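Work through the exercises below with the model open. Try each task before reading its solution.

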Amino acid sequence: MENVPTSQGTPAHAMASTQRSHPSTDEEPVGFEDDTESIIQQLTGGTKELDIVSIVGMPGLGKTTLARKVFNHFIDSKHFDVRAWCSISKDYSLRKVFSEILKQAIGDIDGIRDKDMPDKLHKSLMHKRYLIILDDIWEVKAWEELRLSFPQDENGSRILVTTRDEEVARQLKHHSNPYFLRFLSVDETWELLQKKVFQGKICPPKLLEAGLRVAESCKGLPLVIVLTAGIIAKKRQVSLWLETANDLSSHDLEEQSMKIIESSYDHLEDHLKACLLYMGLFPEDYAFPVSDLLKLWIAESFVQNIDTEKCMEEASKICLNDLVNRSLVVVTKRRDNGEMKYCTIHDVVREFCLRKLTKEKFMQHIVPFDPYQPLDAKEPRLCMYVHDDLVKQLVQCEYSLDKIPMLAGLNGGTSLARCQRSVEFIAHPTFCPWDHTSLFSLLDNFRLIRVLNLLDIYLESCWDMAMQAVPYLRYLAIFTKEFDFRWVSHLLDLQTLRVVRKDSSNHILKTSPAIWKMHKLRHLDIQDFSFTWEDKDRVIFEESSETVLPSLKTFGKCWIYLADMTPEFWWRFPNIEQLNLHFVEPIHYSINAKPEVDILNLEQLPLQSLEIRFSTYISIGLSDCVIFPSNLKDLSLHSIFLTDKFVSNIARLQNLERLKLNRIYFRPRGRGYSRCWDVSNYKFQALKVLKLHFVTMTEWCSSDTSFPVLEKLVIDYCWRLQDIPSSFVYIPTLKLIKLSYCSKSLQDSALNIKKQVEEFTGCDSLQVHAPYR
């Protein structure tokens, strides 16, 4: 096996998030108006030479919040040609930093080698005025490794840095002095406290005096304020609030943050403690993809294994919402429908979690959460995280758990091998001690683990034997070249399966009858997986009534032949909600000839989200063969010809809220390159978000009623489109038009719509993000 280098210890494929440095926030900050204005003046005024502006302050003071507010100020501004945001943190990966900044500077970075990124970044920024935000720098060395990639063109480019170290800020100084962030005033503290506790409502008179006492005791530290709000919001009693105020006052400023986090932790129910500590083991500033986090919590039994999966999903969301409401977890990005997409924890909260786990010797009693039972209805499980010292002792003791000193006494002298159920092990996704000498021996000692993430290791061969040692897995992610369902079909409790395959483009993976044994499988994501069979396997599939995956909810990209699109195929997935299909269609036919294929009828499936793409863009006629599920909310179409009949089928979807068109083609009208998308006669009655990417139209026509509730329009790489339909002025719900890599004419069109909306309504309700490059 070959170790794969990764950044900051994160799982290279499963957990690495491209949103890790996303500067969005779920909260409107309080008390940074003057600070924001001062920083903006430093960024836009002064010297034309490249300058570094540093924001300095202790942890929890709001440095990142202020930088984020400044960054967002320039979304609509044309002052900077390029803006990019990247979190550095203490243990940073230079490759990750370069890729994050470069991605925001030029867009697509596929095909750019790691060693070429510094030079590519330098060239992409030359002769452009840029703003780069480097959040949470710990040492000057980080800047020294980056600085040569930032050209000094004397055009007013700026680097904005946040740091907790005053000495680092002074060493980074070019022209501007460091900006030392102040503490919030008592009035600002009380405003923020009320906002968090009462959610926009006014504090009741009986709590006012106690509330002001709490505000004074927070000493103006924003992190302490929001965490305190999470404690007192649950019990609105004067005595409790005064007790909290006295407790806060008894600690000096340096230890106050850690003490209030400890108090917040102590007030958590037991199941929430397990969820929070699990998050603390991820790298600093890590942005958690919420869907992945919930799957991991469920797999680790932090949430009770309720009869239906929907109940487990809802229970896990309840847990996350509780942590968010207590300000221990921060939402960094939401989906268009308002659901959480990414979240994170503050550096200080993470530090507390690591201290807590270390103090408890990585052991924890875990009580699974069940919203339908009392909190004390379940017996706790004694669990230990697999960590460095444990693995080291295990190797020294020749892979015998009975001989490990740190486990002595846990079972009253009874052999640990005979009492494995008295202590269970958690193999955290970010901890990867497995190497070619110890993988199989280690797994044999940790047979009860529920999660196994091997995406940091390239498994060349024989890995299937190791899977026999861990029969209770519920979450498996691997990086390999060869894969067969037969190698994992004994994992009857498996809920999530992710397979990243090396050199997969040369070998499409076929299915096998073994997949139908995995009845608990909920989430399947295999790179370049094809639903094709050997002849003998096809007979088994077609004739057996047991070839069903009753629990499957999400199915990642899979290749499938149109000939297999039969009703007999689709009833095998009775509860599928999210599906990504890549159709393999006949390639030897005329552009004007309709291939003979059966209608793809998905109408009876309970799909909420569907993505469809064809292997070639010559898909006239093929797209007309699709009948969509009536309850579909999210539809993405890729590489197809858009016909009137197909548009009509989409418009019939009365629950469709999000539509993404990617690399869409139209029949030419007459000679030349004229391509028109005319939806004047259609009404997309529930559509809230419309995204157009590489759509080849030159003209777009719509009526005042085509998009009655549209809220967000995103257009990128549509070079030939010159105008947005003027009817968009009369969409009362429209909040955002976002353009990138489009024509100057299209940008002017969007700004003209914004102007007309302001004149028509008297309100500045429409935002236009249209950086022209």
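The exercises cover two sheets, two helix pairs and two single residues in this predicted model.

**Exercise 1. In what order do the strands of the five-stranded open sheet stand, and which strands are at its edges?**

Step 1. Set out the order: β3-β4-β5-β2-β6. The pairing is parallel.

Step 2. Look for strands with a single partner. These are β3 and β6 (179-180), which stand at the edges, so one side of each has no neighbour in the sheet.

Step 3. Check the pair at the β6 end. Strand β2 (residues 51-56) joins β6 in the parallel sense through two bridges. V56 has F180 of β6 as its bridge partner.

Step 4. Add the helices. Helix α3 (residues 94-106) packs on the sheet and touches β3 and β4. The direction of α3 makes about 155 degrees with that of β3. Helix α2 (residues 63-73) lies across β2, β3, β4 and β5. The angle of α2 to β3 is about 165 degrees.

**Exercise 2. Is strand β4 enclosed or open, and what stands opposite L134?**

Step 1. Count the buried residues. In β4 (residues 130-135), six of the six are buried, so the strand is largely enclosed by the rest of the structure.

Step 2. Recall the rule for side chains. In a regular strand they alternate between the two faces of the sheet.

Step 3. Apply the rule to β4. Y130, I132 and L134 point one way. L131, I133 and D135 point the other way. All are buried.

Step 4. Take the partners in turn. Strand β3 (residues 82-87) pairs with β4 in the parallel sense over six bridges. There, C86 stands opposite L134. Strand β5 (residues 158-163) pairs with β4, also parallel, over four bridges. There, V161 is opposite L134.

**Exercise 3. How is the three-stranded open sheet built, and which helix lies across β10, β11 and β12?**

Step 1. Write the order: β10-β11-β12, with mixed pairing.

Step 2. Find the edges. β10 (363-366) and β12 (424-426) have a single partner strand each, so one side of each is left without a neighbour in the sheet. From one strand to the next, the twist averages 40 degrees.

Step 3. Follow the parallel pair. Strand β11 (residues 381-385) and β12 run parallel and are joined by three bridges. Y385 is paired with I426 of β12.

Step 4. Place the helix. Helix α12 (residues 270-280) lies across β10, β11 and β12, at about 140 degrees to β10. Of the 11 residues of α12, 10 are buried. Among them are H271, K273, L276 and Y278.

**Exercise 4. How do α9 and α10 pack, and how do α7 and α9?**

Step 1. Start with helix α9 (residues 222-232) and helix α10 (residues 238-249). Their angle is about 150 degrees and their axes are 11 Å apart. The cut-off for roughly antiparallel is over 145 degrees. The two helices are therefore roughly antiparallel. Their crossing is right-handed.

Step 2. List the contact. α9 supplies V224, T228 and I232, and α10 supplies W241, T244 and L248. These residues divide into four nonpolar, two polar and no charged.

Step 3. Turn to helix α7 (residues 186-198). The axes of α7 and α9 come within 9 Å and cross at roughly 40 degrees. α7 and α9 are therefore oblique to each other. This crossing, too, is right-handed.

Step 4. List that contact. T189, L192, L193, K196 and V197 come from α7, and I225, V226, A229 and I232 from α9. The division is seven nonpolar, one polar and one charged.

**Exercise 5. Are E188 and I449 buried or exposed, and what do they touch?**

Step 1. Fix the cut-off. Buried means under 20% relative accessible area.

Step 2. Test E188, which lies in helix α7. Its relative accessible area is 16%, so E188 is buried. Leaving aside neighbours within four places in sequence, E188 contacts V30, G31 and R182.

Step 3. Test I449, in the loop between α17 (439-445) and β13 (451-459). At a relative accessible area of 0%, I449 is buried. With neighbours within four places in sequence left aside, I449 contacts F425, A427, L443, V470, Y472 and L473.

Step 4. Add a distance. The C-alpha atoms of I449 and E424 are separated by 7.1 Å, with the two residues 25 residues apart along the chain.

Key:
Residues numbered from 1 in each chain as written. Predicted model: local features only at pLDDT ≥ 70, side-chain atom pairs only at ≥ 80, totals over all residues. Heavy atoms only, no water. Pairing = 2+ DSSP bridges. Axes fitted to C-alpha atoms, helices over the stretch in contact; angles between N-to-C directions. Contact = heavy atoms within 4.5 Å. Parallel < 35°, antiparallel > 145°, perpendicular 65-115°, else oblique. Left-handed = near helix turned anticlockwise from the far one by under 90°. Nonpolar A, V, L, I, M, F, W, Y, C, P; charged D, E, K, R; others polar. Buried < 20%, exposed > 50% of the residue type's maximum accessible area, 1.4 Å probe, protein only.
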